Amino acid sequence: MPKCSICSNKIAELFLSKIKGTIVHKPGSSTQYPVCFECQKKFKTKEELLAKLN
Ligand SMILES: [Zn+2]
């Protein structure tokens, strides 16, 4: 089960490997950062999400 890159909570998986949340990419990197639904709600823009990633 994937973990949120921001809060480390486990992310619920829906059908077909879709997660309840989103996946963000850093510019110029192919690394995927799963983000949970709650953090997605807290940080509305991709820029805010990226700023919270390590
Ligand atoms: Zn989270």
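**Figure 1. E13, a residue in the segment before strand 1.** This close-up comes from a predicted model, and it starts with E13, which you'll find in the stretch of chain ahead of strand 1. Is E13 buried, exposed or somewhere in between? It has 13 C-beta neighbours inside 10 Å, so it counts as partly exposed; a residue is called exposed at 12 or fewer, and buried at 20 or more.

**Figure 2. The contacts of E13, and its distance to H25.** Which residues does E13 touch, once you leave aside its neighbours within four places in sequence? The answer is M1 and I19. H25 is another residue to look for in this view: twelve residues separate E13 and H25 in sequence, and from C-alpha to C-alpha they sit 19 Å apart in space.

**Figure 3. A12, also in the segment before strand 1.** Why does A12 count as exposed? There are 12 other C-beta atoms within 10 Å of A12, and because exposed means 12 or fewer, that number just fits. Now look for L53, which lies 41 residues from A12 along the chain. Between the C-alpha atoms of A12 and L53 there is a separation of 20 Å.

**Figure 4. S8 and its positive phi.** S8 is one more residue in the segment before strand 1, the strand that runs over 21-25. What is the phi of S8? It is near 70 degrees, a positive value, and S8 is not a glycine. For background, most residues other than glycine have a negative phi. As for its surroundings, S8 has 8 C-beta neighbours inside 10 Å, so it counts as exposed.

**Figure 5. Stepping back to the whole protein chain.** How many helices and strands does the protein chain have? There are two of each, and if you read along the sequence they come in the order β-β-α-α. With a radius of gyration of 10 Å, close to the 10 Å that the globule rule gives for 54 residues, the protein chain is as compact as a globular protein of that length. Along its principal axes, the C-alpha trace spans about 30 × 25 × 15 Å.

**Figure 6. Burial and contacts across the protein chain.** Of the 54 residues in the protein chain, 15% are buried. Then there are the contacts with a separation of 6 or more: 36% of them involve residues 24 or more positions apart.

Definitions and conventions:
Residues numbered from 1 in each chain as written. Predicted model: local features only at pLDDT ≥ 70, side-chain atom pairs only at ≥ 80, totals over all residues. Helix = DSSP H or I, 4+ residues; strand = E, 2+ residues; numbered from the N terminus. Contact = placed C-beta atoms within 7 Å. Rg over C-alpha atoms; globule rule 2.2 N^0.38 Å.
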